[in-house]
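Trainee: I would like to take a close look at one part of this protein, namely its salt bridges and their setting. Please explain them in one connected account.

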Amino acid sequence: MEKHKSSYLRTFLHVTTLGFDDCFNLVRKWEADARRCYAETFEQKNGEFAKIILEDGCFVVVFILVYFNLFSIEGDHPDPDPHPLNGQKYWTWQVMMEMMLLENQLPFFVIDRLYWFVRCSNNFNAKSNTEWKDFPPTRELVSAFFKKVTDVNIPPNIPENLDHFVDLLRFLYNPKSKRKESTGNDCREIFSTPSASHLDVESMGNDCSEFFSTRSATHLHAAGVKFGRAKGSPMDIEFTKGVLKIHRLLIQEGTEIIFRNLLAFEQLHCPDESITAYLCFLDKLIDTPSDVDLLKEAGVIRSIGGSNEDVCKLFNNIWRNANLTSSAQFSPACEDLNAYCGTPWNKCMAPLKREYLSTPWKVMGITAGFSVLILTFIQAVCSILTAD
């Protein structure tokens, strides 16, 4: 991937009609702000650091714009294949995954400013694209790019003070989550995060059992609970009239990477624990492959390329022993679930519904049986009265 970045940089320069020296000097003006976003002290000299930021930023911007066909390349391009990684499913997927790793984050303002250069060029082709009628803001464009692998809805009020792509991902998963106060371009604390693969969550906190006494999906189903798909964001989980509604989960290669990086970012830098509580809730709900199968039938889980056991292991292990101090966001649904399952009437009716009223044919059979019984009773009564 690294060897192709220079080609994407040349595409960026070609599309914006900027010379390398002009673009480099502009990025040098942002260098102090960019350096303040990282806790580490870089050994690179000023020019080398600016070149890295420029090359990586241009690669991201051009890759996303080509993905959505948002600009046209006119005239002679210095490369025969100006964007060699686009159009290949494997590389598109790899780039998406790389962009979601905490250790690979670029300051969002760098991406935003580089994108602005393309938007101001004559080669920007937004009006020919069917997804946007006008120039989409950077945060909206990147959100649409990530939607391809997360299947989350894009809310209309995406904040402007985003630190990086993982910060944006967390907002997409929970638009109602608390956000840190804006610190301008000084995001040093946010970029001091280690990689998610090196984060030792096993030493960070407690088990979620004290917050969630929710039973597994099969146990809830046995108690008469039904499952359905919720609208809105993944955090909008509700239980009403015996139906537990959950936003559809798209499980595929890369899902674990997304959740691990969101979890690591939240555990170290965010004022609430919405992602942690969400994964904890799913861990309690999904205990065996049978739970996964049940949620698939209800349309709550869509799994691509993995077995039910793989999905089960994902949620049983991904958040294990991360720090969770509150579950307020999901407590109402959990309390309502437990109250519903503990009601004697629901306990008695659940087996009846499951065995005799689970399909229209069974309902018709029961109705016919009762009808025959009632008609037989009426016939018997009539016979007695006639005999008298």
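Mentor: Glu-31 counts as buried because its relative accessibility is 5%, where buried means under 20% relative accessible area, exposed over 50% and partly exposed in between, with a 1.4 Å probe and protein chains only. The model is a predicted one, in which local features need pLDDT of at least 70 and side-chain atom pairs count only at pLDDT 80 or more, while totals for chains, interfaces and linings use all residues. Residues are numbered from 1 along each chain as its sequence is written, and side-chain values use heavy atoms, with hydrogens and water left out.

Glu-31 forms a salt bridge with Arg-35, their closest N and O atoms being 3.2 Å apart; the term denotes a side-chain nitrogen of Lys or Arg within 4 Å of a carboxyl oxygen of Asp or Glu. Both residues belong to helix α2 (residues 20-35), where they are 4 residues apart, about one turn of the helix. Helices here are DSSP runs of H or I with at least four residues, strands are runs of E with at least two, and both are numbered from the N terminus.

A second pair joins Glu-266 to Arg-170, again with 3.2 Å between the closest N and O atoms. Glu-266 is in helix α9 (residues 255-269) and Arg-170 in helix α7 (residues 165-173), so this pair ties together parts that are 96 residues apart in sequence. Glu-266 counts as buried because its relative accessibility is 2%, and Arg-170 counts as buried at 3%. Returning to helix α2, salt bridges that share partners join Arg-28, Glu-31 and Arg-35 into one network.

A third pair is Asp-56 with Lys-5, whose closest N and O atoms are 2.9 Å apart. This pair links distant parts of the chain, since Asp-56 lies in helix α3 (residues 46-67) and Lys-5 in helix α1 (residues 5-16), 51 residues apart. Both Asp-56 and Lys-5 are buried. In total, the structure holds 10 salt bridges.

The setting of these pairs is a protein with 15 helices and 5 strands. Of its 388 residues, 48% are buried. Among contacts between residues at least 6 apart in sequence, 72% join residues at least 24 apart, a contact being heavy atoms within 4.5 Å.

Leu-295, in helix α11 (residues 289-297), offers a nonpolar example. Leu-295 counts as buried because its relative accessibility is 1%. Leaving aside residues up to four places away in sequence, Leu-295 touches Ala-217, Phe-227, Leu-285, Ile-286, Val-300 and Ile-301. Gly-228 is 67 residues from Leu-295 in sequence, and their C-alpha atoms are 8.6 Å apart.

At the surface, Ile-374, Leu-375, Phe-377, Ile-378, Val-381 and Leu-385 form a nonpolar patch with about 610 Å² of accessible area together. Patches take residues with over 30% relative accessible area and no salt bridge, joining like charges within 9 Å and nonpolar side chains (Val, Leu, Ile, Met, Phe, Trp, Tyr) within 5 Å; accessible areas come from the Shrake-Rupley method with a 1.4 Å probe, and for residues only the protein chains shown count as cover. Ile-378 lies in helix α15 (residues 360-387) and counts as partly exposed because its relative accessibility is 43%.
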